[in-house]
Amino acid sequence: MPRILVIDDDPAISELVAVNLEMAGYDVSQAEDGIKGQALALQLQPDLIMLDLMLPRVDGFTICQRLRRDERTAEIPVLMLTALSQTQDKVEGFNAGADDYLTKPFEVEEMLARVRALLRRTDRIPQAAKHSEILNYGPLTLVPERFEAIWFGQTVKLTHLEFELLHCLLQRHGQTVSPSEILREVWGYDPDDDIETIRVHIRHLRTKLEPDPRHPRYIKTVYGAGYCLELPSTPQSAESVSTSRVE
């Protein structure tokens with residue numbers, strides 16, 4: 001039975017979430033502030049954490065950053081809950097390490113769908129390892145068992161989400177992948193027209209893979225259409241490709 005930790009200071013919402021999760025077959029623990037939530041996360045090692053942003057004592061952004069810095073909790077998926085709906089709040093949440101975002105008020109079915117998608121996507125073995133699919137092209141090789149990419153001969157550690165996003169683009173190498181396709185395949189739910197989720201994680205990937213993330217050469221934005229992964233067919237060095245482009 002997957003264990004879920006709910007960290008929320010609103011007892012009515014926390015109890016509603018807990019009851020519905022338990023009815024869906026999950027083992028649920030609760031904490032009403034950031035300090036207790038962080039302590040329980042370290043103690044219980046849950047399969048997923050539902051984390052409110054506006055918490056007493058220590059806010060959700062800070063707690064998420066602390067969880068990501070601790071190797072004991074770094075890989076636990078985090079679903080952020082908040083009444084805030086501003087784009088900047090979402091960006092800050094994702095930059096703090098959240099995997100997904102749910103704005104209050106929300107439907108129970110939507111919550112359960114996000115939870116199922118996160119648990120499925122952040123399984124011990126990525127989806128890429130369960131199927132016979134493309135795992136390498138030119139300078140890029142994906143290593144599902146370790147959530148790593150071999151990029152121009154160098155090992156790059158990826159989060160579960162970054163791995164699945166890169167794998168999604170690799171399957172359609174050279175093609176434009178729409179935001180709706182990415183949301184369905186990587187996040188596991190129907191599109192909600194909120195592409196900021198994708199944009200933030202594309203930026204994280206570019207930071208790890210592009211020689212100049214501000215001027216991406218490999219993970220390209222096709223404005224109005226989506227994203228395209230374009231790689232050379234031979235594994236030359238990233239530095240040489242970048243140098244030739246500048247010159």
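How are α6 and α8 oriented relative to each other? This report works through that question, then moves on to what else surrounds α8. Keep in mind that the model is predicted.

## α6 against α8

Helix α6 covers residues 160–171, and it packs on α8 at an angle of about 90° with the two axes 10 Å apart. Angles of 65 to 115 degrees count as roughly perpendicular, so α6 and α8 are roughly perpendicular to each other.

If you want to click through the contact, start on the α6 side with Leu161, Glu162, Leu165, Leu166 and Leu169. Their counterparts in α8 are His201, Ile202, His204, Leu205, Lys208 and Leu209. Sorted by class, this α6–α8 contact has 7 nonpolar residues, along with 2 polar and 2 charged ones.

## α7 against α8

Helix α7 (residues 179–187) also packs on α8, which spans residues 196–209. Here the angle is about 75° and the axes are 10 Å apart. That angle makes α7 roughly perpendicular to α8.

From α7, the residues involved are Pro179, Ile182, Leu183 and Trp187. They meet Thr197, Ile198 and His201 in α8. The α7–α8 contact breaks down into 5 nonpolar and 2 polar residues, with no charged ones. His201 is worth a look, since this α8 residue is listed in the contact with α7 and in the contact with α6.

## The sheet beside α8

Now for the strands. An open sheet is built from 3 strands in the order β10-β12-β11, with antiparallel pairing. The edges are β10 (176–177) and β11 (219–222), each of which pairs on one side only.

β11 and β12 (residues 226–229) run antiparallel and are joined by 4 bridges. One pairing to find on screen is valine 222, whose bridge partner in β12 is glycine 226. Helix α8 comes back into the picture here: it lies across β11 and β12, running at about 145° to β11.

## Glutamine 43

One more stop, in another helix. Glutamine 43 sits in helix α2, which runs over residues 34–44. Is glutamine 43 buried or exposed? Its relative accessibility is 61%, and the cut-off for exposed is over 50%, so glutamine 43 counts as exposed.

Glutamine 43 can also be placed relative to threonine 73, which is 30 residues away along the chain. Between their C-alpha atoms, the separation is 9.9 Å.

Terms used:
Residues numbered from 1 in each chain as written. Predicted model: local features only at pLDDT ≥ 70, side-chain atom pairs only at ≥ 80, totals over all residues. Heavy atoms only, no water. Helix = DSSP H or I, 4+ residues; strand = E, 2+ residues; numbered from the N terminus. Buried < 20%, exposed > 50% of the residue type's maximum accessible area, 1.4 Å probe, protein only. Axes fitted to C-alpha atoms, helices over the stretch in contact; angles between N-to-C directions. Parallel < 35°, antiparallel > 145°, perpendicular 65-115°, else oblique. Contact = heavy atoms within 4.5 Å. Nonpolar A, V, L, I, M, F, W, Y, C, P; charged D, E, K, R; others polar. Pairing = 2+ DSSP bridges.
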